Structure formats: structure tokens, C-alpha cells
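Labels such as buried, stacked or tilted rest on cut-offs. The turns below ask for the reasons behind them.

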Amino acid sequence: HMGAMKKIPGSLVAEGYLALFLGMALLGLLLQAVPHGYRALGQLCLQAEMDRIEQDLHARLEARFLFDVEQVQVAEGPEGTVVRCYGGPGFARRDYYVKESPSSRCPVLYRRTWNPQGRKPGVNPISPEHIAVTGFQVEQTAPGRLLWKMDLVHRKTGVKKRFQEVFSYGR
């Protein structure tokens, strides 16, 4: 009864071809699905990057307002909206405004700091160079409370993230 277990050589070959064919068909399906998968994955990664940038900006601004800001004036300057903050060590003045970055040609959030002892102000970009900051609006909603709104736009992909926070200052 061992003879019954033996396979006919031809059927082995057919089985091999069938496995190969199924493998190829599966591969074809996978390859068709991949570009969409990559795009979805890319979108997810981008969204995650935008979330991270928003959280980072939020944390940095919040810390500044909590610890270094005693007074705020919101004004319109040559750069548009300027948030003028006073406080911290030596009662420094810090201006927040949006201006085109000379290197990336992209509107970026800047902080300009005047220390009473320093002669010229220090200027630092606060937001990343590849993220455009648009629709920058800030208003005082109550004493010691500042509503801060802006859109963060990824330059290469146009993926947008709305930044809207209320910061407290001058406890």
C-alpha cells in the first residue's frame, strides 16, 4: 500500500506551476496595492510630523508665556501682526511675528529679543524652515489670556495643520 502514496511526476510539475502562478498573481496584486499604501503611509507620516511640529511650537510658546511674559501688546507692524511681550530676566522685550525666511523663501514665525543690556536685538526662527506659517492672528481674549491662531502648511505637500491655542501669562 505504499504505491498509493506515490505521486505521478506530471502532477508534481503541475502543482509547482500552480504555486508559482498563485505566487505571481499575489505579487501582482500586492504591487498594485503598494503605491496607494505608500501614499497613505506618506500621508500618515506627514500628519504625524505636522502634529509633532504643532506640539513642539505649543510647548515652546506656552513655556515662554508662563515663565517670561508679564505684559503683552498686540500690534500691526510692517511684518503684519506683532505680538510684543515684556517680562522675564531683566524685563526683556520679545516680538513674535511672521516673515519670509531669506534661506527658504517661506513665511516663518520669528522671535526678536531685546535685552535691556544688549545693544542689538537677537532674531531667531521659531518654526521650521519647510513649514509655511499663514493666517497669523493673535488677540487678547481676557486679561492674561492670549488667543493665538495660525496655519502650518507643509511646503512640498501642502498638508495643512491649524494651530489654535490660548496662552496664559503674567500670573
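Q: What makes β6, β7 and β8 a sheet, and in what order do they lie?
A: In this predicted model, the three strands form an open sheet with the order β6-β7-β8 and antiparallel pairing. Strands count as paired when at least two bridges join them. Nine bridges join β6 to β7. Nine bridges also link β7 (residues 145–154) to β8. Both pairings therefore meet the cut-off of at least two.

Q: Why are β6 and β8 said to stand at the edges?
A: β6 (131–142) and β8 (160–168) each have a single partner strand, so one side of each lacks a neighbour in the sheet. On average, neighbouring strands here are turned by 15 degrees against each other, direction ignored.

Q: Which residues stand opposite each other across the pairings?
A: Glu 139 stands opposite Leu 147 in β7. Leu 152 stands opposite Lys 161 in β8.

Q: What makes β7 a mostly covered strand?
A: Nine of its ten residues are buried. For each of these, buried means under 20% relative accessible area.

Q: Which residues take a positive phi in the two hairpins?
A: Gly 144 does so in the hairpin of β6 and β7, with phi near 75 degrees. That hairpin has two residues between the strands. In the hairpin of β7 and β8, which has five residues between the strands, Gly 158 takes a positive phi near 75 degrees.

Q: How do you know that Arg 105 is exposed?
A: Arg 105 has 56% relative accessibility. The cut-off for exposed is over 50%, so Arg 105 counts as exposed. Arg 105 is found in the loop between β3 (92–100) and β4 (107–114). Its phi is near 55 degrees, a positive value in a residue other than glycine.

Q: How many aromatic pairs does a search of the whole structure find?
A: The search finds ten.

Q: Why is the pair of Phe 65 and Phe 167 called stacked?
A: The ring centres of Phe 65 and Phe 167 are 5.3 Å apart, with 15 degrees between the planes. A pair needs centres within 6.5 Å, and stacked needs planes under 30 degrees apart. Both values pass, so the pair is stacked. Phe 65 lies in helix α1 and Phe 167 in strand β8, so the pair ties together parts 102 residues apart in sequence.

Q: Are Phe 65 and Phe 167 buried or exposed?
A: Phe 65 has 0% relative accessibility. Phe 167 has 1%. Buried means under 20%, so both count as buried.

Q: Why is the pair of Phe 65 and Tyr 169 called tilted?
A: The planes of Phe 65 and Tyr 169 stand at 50 degrees, and the ring centres are 6.5 Å apart. Stacked is under 30 degrees and edge-to-face is over 60. The angle of 50 degrees fits neither, so the pair is tilted. Tyr 169 lies in the segment after β8 and Phe 65 in helix α1, so this pair ties together parts 104 residues apart in sequence. Both residues are buried.

Q: Which aromatic cluster do Phe 65, Phe 167 and Tyr 169 belong to?
A: They form one cluster together with Tyr 96, Phe 136, Trp 148 and Phe 163.

Q: What makes the nonpolar surface patch?
A: Val 13, Tyr 17, Leu 20 and Met 24 make a patch of about 470 Å². Patch residues need over 30% relative accessible area. Val 13 is in helix α1 (residues 9–68).

Methods
Residues numbered from 1 in each chain as written. Predicted model: local features only at pLDDT ≥ 70, side-chain atom pairs only at ≥ 80, totals over all residues. Heavy atoms only, no water. Patch = residues over 30% accessible without salt bridge, like charges linked within 9 Å, V, L, I, M, F, W, Y side chains within 5 Å. Areas by Shrake-Rupley, 256 points an atom, 1.4 Å probe, with all protein chains shown as cover. Salt bridge = Lys/Arg side-chain N within 4 Å of Asp/Glu carboxyl O. Helix = DSSP H or I, 4+ residues; strand = E, 2+ residues; numbered from the N terminus. Axes fitted to C-alpha atoms, helices over the stretch in contact; angles between N-to-C directions. Buried < 20%, exposed > 50% of the residue type's maximum accessible area, 1.4 Å probe, protein only. Phe/Tyr/Trp six-rings, centres within 6.5 Å; stacked < 30°, edge-to-face > 60°.
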